[in-house]
Protein chains: 2
Amino acid sequence: MDQEARVHSEHPDELRLWLRMLTCTQLVEKDIRAGLREQWGSTLPRFDLMAQLERAPEGLRMNELSRRMMVTGGNVTGITDQLEGEGLVERVEVEGDRRAFRVRLTTQGRRQFKAMAAAHEGWIVEAFAGLNAGELHTLHQLLGKVKQHFLQEIA
Amino acid sequence: MDQEARVHSEHPDELRLWLRMLTCTQLVEKDIRAGLREQWGSTLPRFDLMAQLERAPEGLRMNELSRRMMVTGGNVTGITDQLEGEGLVERVEVEGDRRAFRVRLTTQGRRQFKAMAAAHEGWIVEAFAGLNAGELHTLHQLLGKVKQHFLQEIA
């Protein structure tokens with residue numbers, strides 16, 4: 001069901017805009033989730049976790065990894081255990097601290113993430129294929145103003 | 001940490017746009033969640049469930065209620081039990097079917113939802129206050145094109 005259809009005319013334009021933005025975000029996310037599931041039997045939190053590790057070749061401690069995760073709702077320890085079981089990540093000791101460890105991608109994990117990231121990029125490009133270059137630019141600028149106002153005035 | 005900052009220049013504009021859209025959506029949602037929690041000790045799934053019931057004065061069966069929920073991750077039965085315990089919703093028998101029931105808002109639930117919806121609207125208006133009327137309109141139009149392309153070509 002389409003949430004936009006439920007907004008009555010007495011509601012402000014901003015509410016209609018917000019519901020449309022939420023719809024767009026949910027459509028794209030749903031598409032990404034479906035692709036990860038169908039092509040790799042994977043999930044968005046797993047992809048997100050691997051993306052964070054890909055940017056940290058020496059690996060990350062668990063607390064740092066949790067902090068960087070963009071997708072909420074993922075159980076970082078549980079996902080790490082899963083990925084370790086599949087040989088995609090490994091735990092390595094932190095020098096000088098016997099109780100601490102870092103998590104990093106294995107060679108196999110790095111290879112799988114590279115393929116996933118390329119597919120992910122393709123899905124995103126396709127998601128916005130209804131806009132021409134000028135429209136893409138305008139949308140980027142306007143969302144930039146939303147973000148800037150939010151960070152300066154609200155958050 | 002800002003996910004946009006992590007996109008390298010070799011990535012397509014669409015990826016930058018997607019991450020910015022995701023950031024905006026997450027900022028607004030985080031603000032709504034904080035407001036619901038601080039002012040009513042409530043959550044987005046609870047608000048969403050009450051919003052569905054507000055649109056169905058005779059109430060909804062559980063399966064219909066689940067289907068209409070916009071926010072994922074909520075356990076509909078668990079939330080309904082909670083809200084019932086607080087006197088905000090009630091279960092009513094379905095005529096002619098002893099095993100079925102509908103859930104509907106109580107008078108108190110309707111009153112609370114009305115106050116929450118007004119606050120929610122205010123937060124959304126404030127979230128987009130960085131845009132003038134013309135920019136709001138353009139953003140709405142461009143997101144409409146994204147949505148339309150998605151529904152016609154992808155979903």
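Tutor: Two strands count as paired if DSSP finds at least two bridges between them. With that rule in hand, we may examine this predicted model.

Student: What makes E1(B) and strand E3 (residues 97-105) of chain B a pair?

Tutor: Two bridges join E1(B) to E3(B). The rule asks for at least two, so the two strands pair. They run antiparallel, and Arg61(B) has Arg102(B) in E3(B) as its bridge partner.

Student: In what order do the strands of the open sheet of chain B stand?

Tutor: The order of the three strands is E1-E3-E2, and the pairing is antiparallel.

Student: Why are strand E1 (60-61) and strand E2 (89-94) of chain B said to stand at the edges?

Tutor: Each has a single partner strand, so one side of E1(B) and one side of E2(B) are without a neighbour in the sheet.

Student: Which helix lies across E2 and E3 of chain B?

Tutor: Helix H4 (residues 76-85) of chain B does, and it runs at about 110 degrees to E2(B).

Student: Why is helix H2 (residues 44-54) of chain B called roughly perpendicular to H4(B)?

Tutor: The two axes come within 10 Å and cross at roughly 80 degrees. Angles of 65 to 115 degrees count as roughly perpendicular, and therefore H2(B) is roughly perpendicular to H4(B).

Student: Which residues meet where H2(B) and H4(B) are in contact?

Tutor: From H2(B) come Pro45(B), Arg46(B) and Leu49(B); from H4(B) come Val76(B), Ile79(B) and Leu83(B). By class, this contact has five nonpolar residues, one charged and no polar.

Student: How do you know that chains A and B are related by a two-fold axis?

Tutor: A turn of 180 degrees, with a shift of 0.0 Å along the axis, lays chain B on chain A with an RMSD of 0.0 Å. That is the relation of a two-fold axis. Among the residues of chain B, Leu139(B) comes closest to the rotation axis, its C-alpha being at 3.2 Å.

Student: What makes it correct to say that the same surface serves both copies?

Tutor: Of the contact residues of chain B, 100% recur in chain A. The contact takes 49 residues from chain A and 49 residues from chain B.

Student: Which elements of chain B give two or more residues to the side that touches chain A?

Tutor: They are helix H1 (13-40), helix H5 (107-127) and helix H6 (133-154) of chain B. The residues of that side divide into 25 nonpolar, 13 charged and 11 polar.

How values were computed: Residues are numbered from 1 along each chain as its sequence is written. Chains are lettered from A and ligands numbered from 1 in the order in which they are written. This is a predicted model: local features need pLDDT of at least 70, side-chain atom pairs count only at pLDDT 80 or more; totals for chains, interfaces and linings use all residues. Two residues are in contact if their C-beta atoms, placed from the backbone, lie within 7 Å. Helices (H or I, at least four residues) and strands (E, at least two) are DSSP runs, numbered from the N terminus. Ala, Val, Leu, Ile, Met, Phe, Trp, Tyr, Cys and Pro count as nonpolar, Asp, Glu, Lys and Arg as charged, and the others, Gly among them, as polar. Axes are lines fitted to C-alpha atoms, for helices over the stretch in contact, and angles run from 0 to 180 degrees between N-to-C directions. Angles under 35 degrees count as roughly parallel, over 145 as roughly antiparallel, 65 to 115 as roughly perpendicular and the rest as oblique. Copies are superposed by least squares on the C-alpha atoms of residues with pLDDT of at least 70 in both.
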